[in-house]
Amino acid sequence: MKLFLNALTKFTAGLLLVALLLFLPAGTIRYPGGLLFLCLLFIPMLLMGIVMLARARYLLAKRLDVKEKQGTQKGVVTVMGLIFVGGFILAGLDFRFGWSKVPLPVVIVASVLFLVGYALYAEVMRENAYLSRTIKVEEGQTVISTGLYAVVRHPMYTASTVMFLALPLILGSWYALIPFAFYPIIMVVRIRGEEKLLTAELSGYEAYKKKVRYRMIPFVW
């Protein structure tokens, strides 16, 4: 019950926060891009939460833990938060004042890419029982090298990058792409810090890095 209430509280708070960041700048709730994004983000999130509550409560509890302990990663999380806040507000203002317009086919493609990213994210969670929103090595943790982890070392960040680069297009704002374009750069900083920790503290990770060469984008990086 405690886990359920914690998850429900954070889900509701997240929904309300994103809605406020979008609809207040837009000056209306009749913001199609905002409504579409809320559906694409929170309906799958709700379904995944229900599944984890029923079958993987340990994983759900880890996903609710967002308190970073490392100084650099705290800075990364702060910058990510600023990107999201700035991007949402800019998208809402863009809709309100009509600064730019994203063609419907682009919105549709972006929505599909967002859901593909969500599916990849879900697969990563299924594959890796040690997955956490904070960077740490747990007792008894082993290297995961199967599934998507056989393609890139950080498939969760690949999935999230696809999702969040598609996000401003779903919201119908070219200008909102500006803050969200910094997201991959922030992921590079996060990955470098995470790999430093994993190499030092997780047995077998050095060999895994030699086996799987690419961190986030196959054949690129």
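The following paragraphs lead through the helices, the nonpolar core, the aromatic pairs, the surface patch and the salt bridges of this structure. The coordinates are those of a predicted model.

The protein chain has 9 helices and 0 strands, and read along the sequence it follows the pattern α-α-α-α-α-α-α-α-α. Of its 221 residues, 43% count as buried. The contacts of the chain reach across the sequence: among those between residues at least 6 apart, 79% join residues at least 24 apart. The accessible surface of the protein chain amounts to about 12,100 Å², and carbon and sulfur atoms account for 71% of that area.

The interior is described by its nonpolar core. The largest such core contains 55 residues, and F37, F88, F114 and L171 are those with the most contacts inside it. At least two residues of this core are supplied by each of α1 (2-26), α2 (32-55), α4, α5 (104-127), α6 (155-170), α8 and α9 (205-211). Helix α6 gives the largest share, 9 residues. F88 shows how one of these core residues is surrounded. Once its neighbours within four places in sequence are set aside, F88 is in contact with V18, L21, L22, F37, L167, L171 and F180. Two of those partners, F37 and L171, are themselves listed with F88 among the residues with the most contacts in the core.

Aromatic side chains form a further set of relations. A search of the whole structure finds 16 aromatic pairs. One of them joins F84 and Y183: their ring centres lie 6.1 Å apart and their planes meet at 45°, so this pair is tilted. F84 belongs to helix α4 (residues 71-97) and Y183 to helix α8, so the pair ties together parts that are 99 residues apart in sequence. Both F84 and Y183 are buried. A second pair is made by F97 and W99, whose ring centres are 5.7 Å apart with planes at 20°; the pair is therefore stacked. In contrast to the buried residues F84 and Y183, F97 counts as exposed at 51% relative accessibility, and W99 is partly exposed with a relative accessible area of 43%. Ring pairs also link F37, F84, F88, F114, Y118, F164, F180 and Y183 into a cluster. Among the members of this cluster are F37, F88 and F114, which were named above for their contacts inside the core.

The stacked residues F97 and W99 lead to the surface. Together with Y175, I178, F182 and I185, they make a nonpolar surface patch of about 660 Å². I185 sits in helix α8 (residues 183-201) and is partly exposed, with a relative accessible area of 48%. Helix α8 thus appears in several parts of this account, because I185 and Y183 both lie in it, and the helix also supplies at least two residues of the core.

Charged side chains complete the description. The structure holds 5 salt bridges. In one of them the side chains of R126 and E127 meet, at 3.0 Å from N to O; R126 counts as exposed, its relative accessibility being 56%. Another joins the side chains of R215 and E195, with an N to O distance of 3.5 Å. This pair links distant parts of the chain, since R215 is in the segment after α9 and E195 is in helix α8, 20 residues apart. The two partners differ in exposure class: R215 counts as partly exposed at 22% relative accessibility, whereas E195 is buried, with a relative accessible area of 6%.

A further salt bridge is formed by K209 and E206, whose closest N and O atoms are 3.8 Å apart. Both residues lie in helix α9, and because they are 3 residues apart there, about one helical turn separates them. K209 counts as partly exposed at 23% relative accessibility, and E206 likewise at 38%. Finally, salt bridges that share partners join E123, R126 and E127 into one network.

Notes
Residues are numbered from 1 along each chain as its sequence is written. This is a predicted model: local features need pLDDT of at least 70, side-chain atom pairs count only at pLDDT 80 or more; totals for chains, interfaces and linings use all residues. Side-chain values use heavy atoms; hydrogens and water are left out. Patches are made of residues with over 30% relative accessible area and no salt bridge: like charges are joined within 9 Å, nonpolar side chains (Val, Leu, Ile, Met, Phe, Trp, Tyr) within 5 Å. Accessible areas come from the Shrake-Rupley method with a 1.4 Å probe; for residues, only the protein chains shown count as cover. A salt bridge is a side-chain nitrogen of Lys or Arg within 4 Å of a carboxyl oxygen of Asp or Glu. Helices (H or I, at least four residues) and strands (E, at least two) are DSSP runs, numbered from the N terminus. Buried means under 20% relative accessible area, exposed over 50%, partly exposed in between (1.4 Å probe, protein chains only). Rings of Phe, Tyr and Trp (its six-membered ring) pair if their centres lie within 6.5 Å; planes under 30 degrees apart count as stacked, over 60 as edge-to-face and the rest as tilted. A nonpolar core is a set of buried Ala, Val, Leu, Ile, Met, Phe, Trp, Tyr and Cys residues joined through side-chain atoms within 4.5 Å. Contact means heavy atoms within 4.5 Å.
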